[in-house]
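Guide: Please look at the model below; the questions that follow go through it place by place.

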Amino acid sequence: MRITVIGTGYLGAVHAACMADLGHEVLGVDVDWTKIDALSAGRPPFHEPGLDQVLARTVESGRLRFGTSLQEAAEFGDVHFVCVGTPQKAGSNAADLRHVEAAVGGLAPHLTRPALVVGKSTVPVGTAAGLAAVLRDAGSPAELAWNPEFLREGFAVNDTLHPDRLVVGVTSTGAEEILREVYAPILDSGDTPWISTDLATAELVKVSANAFLATKISFINAIADVCDAAGADVTTLATAIGHDARIGSRFLSAGLGFGGGCLPKDIRAFMARAGELGVPDALAFLREVDEINMGRRRRTVELARGLVGGSFLGRSVAVLGAAFKPDSDDVRDSPALNVAATIQLQGGQVRVHDPVAMDNARAQFPTLDYAPDIRKACEHADVVLHLTEWRDYVELDPEWLGSLVGARRMVDGRNVLPLPAWRAAGWDVRSLGRSAPA
Ligand code: UDX
């Protein structure tokens, strides 16, 4: 099929490459020439494991190319996936839909033959119906569908080629047939559940899934505080409750909490939309979920400050991790960088290290000091904060690191360091949820 993908960020670049890998002819469109140039050369403009190979082979095959023209996209494609960003609106909790509106509004006048416009971006419920009206008002015969994306950064290629479900919101059987054809190679090769529904339900599936995941993380983080007060260990507790299949063990890692370009802004936009729909109380609990999550960052700063004697002034602080999670270079709403910047504002001399997110971190927080390697970050540090659980950090030798630092003090913000080994090496380790001495 001839497919276009509008927006080539973390979602769109992966979707475009994977659709071409499934055998479709794909044109990716973006307004950013830097991205288009990199992608056209087969280079991902961000860190995503495995994307480089898929991109290289699909660009090389001629099935995938990139450009900037929506008119060209409209002329080329039969199916148009809208994958642009929906960030949090400045000064509000709501989603900023400017890019989605620009994409569909820009395509509409050029869609002069039947086509299917498929939204993948995460949007407030009701957006799809509004966009369908934009197509109608432009006199276009194109139809609108919604097909939310559940991919996780760091696993995006696998999540796209082997999704755990495909959800489509459609208003006609013809639209569903087209989407079945797009995903035929995935549907044929396995038992991927196919859920066909209306536009509003499809939109809501996505935000509800993210709200549930955020709630699960904040639940275990709330329990972590009780564990600290009672001298219990939240990681053992999470393992134990996770054996109950009704609960499940995933997304029960307590620590510094969630960040990134999705969960924080999606739960806020969901609350804002519920308010607009006249049911603000229905999602009032999400405010608490958000509150617990933001409190993790404050608590981490407090733990570090306590370890260095109550003030960061004149103290050297090493921060390991800048990305919002490992295997990603994404620093949007990164808890690690939030903590690093707060400590710097409180007078600490902060040195940050991350295996891949340094350039993005520097662009967002230029006044922080960035160390080229773990050694330089930690030399003579009064305290080390482990804030993003990259494998390099989890596997650190406590003796080796201990020989570099000024004092063996550690905040394990992700609860993954093997505590007995670190304590045996003389480290004073604090964490959120397992602070009781071993
Ligand atoms: C998320 C959803 O998982 C995905 O389905 C959706 O499409 C987009 O949003 P992503 O933002 O890539 O994906 O990250 P995810 O792996 O969900 O992690 C989000 C944040 O939660 C990270 O900061 C991570 O460190 C944190 N997290 C995750 C925890 O603190 N504890 C956990 O148990 C799991």
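Visitor: Between which two helices is the loop that holds Gly 261?

Guide: This is a predicted model, in which local features need a pLDDT of at least 70 and side-chain atom pairs count only at pLDDT 80 or more, while totals for chains, interfaces and linings use all residues. Residues are numbered from 1 along each chain as its sequence is written, and side-chain values use heavy atoms, with hydrogens and water left out. Helices (H or I, at least four residues) and strands (E, at least two) are DSSP runs, numbered from the N terminus. On that basis, the loop of Gly 261 joins helix 11 and helix 12.

Visitor: Is Gly 261 buried or exposed?

Guide: A residue is buried under 20% relative accessible area, exposed over 50% and partly exposed in between, with a 1.4 Å probe and protein chains only. Gly 261 has a relative accessibility of 13%, so Gly 261 counts as buried.

Visitor: Which residues are in contact with Gly 261, apart from its neighbours within four places in sequence?

Guide: Contact means heavy atoms within 4.5 Å. Gly 261 and Asp 330 are 69 residues apart in sequence, yet their C-alpha atoms are 7.9 Å apart. With those sequence neighbours left aside, the contacts of Gly 261 are Asp 330 and Arg 332.

Visitor: What is the phi of Phe 251, which is not a glycine?

Guide: Phe 251 also lies in the loop between helix 11 (234-242) and helix 12 (263-276), and at 35% relative accessibility it counts as partly exposed. Most residues other than glycine have a negative phi. Phe 251, however, has a positive phi of about 60 degrees.

Visitor: Is His 380 buried or exposed?

Guide: His 380 sits in the loop between helix 16 (374-378) and strand 12. Although His 380 is not a glycine, its phi is positive, at about 60 degrees. Its relative accessibility is 60%, so His 380 counts as exposed.

Visitor: Which strands stand at the edges of the open sheet of six strands?

Guide: Two strands pair if DSSP finds at least two bridges between them. The six strands follow the order 11-10-9-12-13-14, and their pairing is parallel. Two strands have a single partner each, so one side of each is left without a neighbour in the sheet: these are strand 11 (369-370) and strand 14 (428-431).

Visitor: Which residue in strand 11 stands opposite Val 352?

Guide: Strand 10 (residues 349-353) pairs with strand 11 in the parallel sense over two bridges. Opposite Val 352, strand 11 places Tyr 370.

Visitor: At about what angle does helix 14 run to strand 10?

Guide: Axes are lines fitted to C-alpha atoms, for helices over the stretch in contact, and angles between N-to-C directions run from 0 to 180 degrees. Helix 14 (residues 335-345) lies across strand 9 (316-320), strand 10, strand 11 and strand 12 (383-386). Relative to strand 10, the helix runs at about 160 degrees.

Visitor: Which way do the residues of strand 5 point, and which of them face the other way from Leu 116 and Val 118?

Guide: In a regular strand the side chains alternate between the two faces of the sheet. Strand 5 (residues 116-119) has buried residues on both sides. Leu 116 and Val 118 point one way, and the other way point Val 117 and Gly 119.

Visitor: Which helix makes a right-handed β-α-β unit with strand 4 and strand 5?

Guide: A crossover is right-handed if, with the strands pointing away from the viewer, the path from the first strand over the helix to the second runs clockwise. Strand 4 (residues 79-82) and strand 5 pair in the parallel sense over four bridges, and Val 82 stands opposite Gly 119. The unit is completed by helix 5 (residues 98-107).

Visitor: Which residue of strand 6 is the bridge partner of Leu 116?

Guide: Strand 5 and strand 6 (residues 143-146) pair in the parallel sense over four bridges. Together with helix 6 (residues 127-137), they make a right-handed β-α-β unit. In strand 6, the partner of Leu 116 is Glu 143.

Visitor: How far apart are the C-alpha atoms of Lys 206 and Phe 150?

Guide: Lys 206 is part of helix 10 (residues 199-230), and at 8% relative accessibility it counts as buried. Leaving aside neighbours within four places in sequence, its contacts are Thr 122, Pro 148, Glu 149 and Phe 150. Lys 206 and Phe 150 are 56 residues apart in sequence, but their C-alpha atoms are separated by 7.2 Å.
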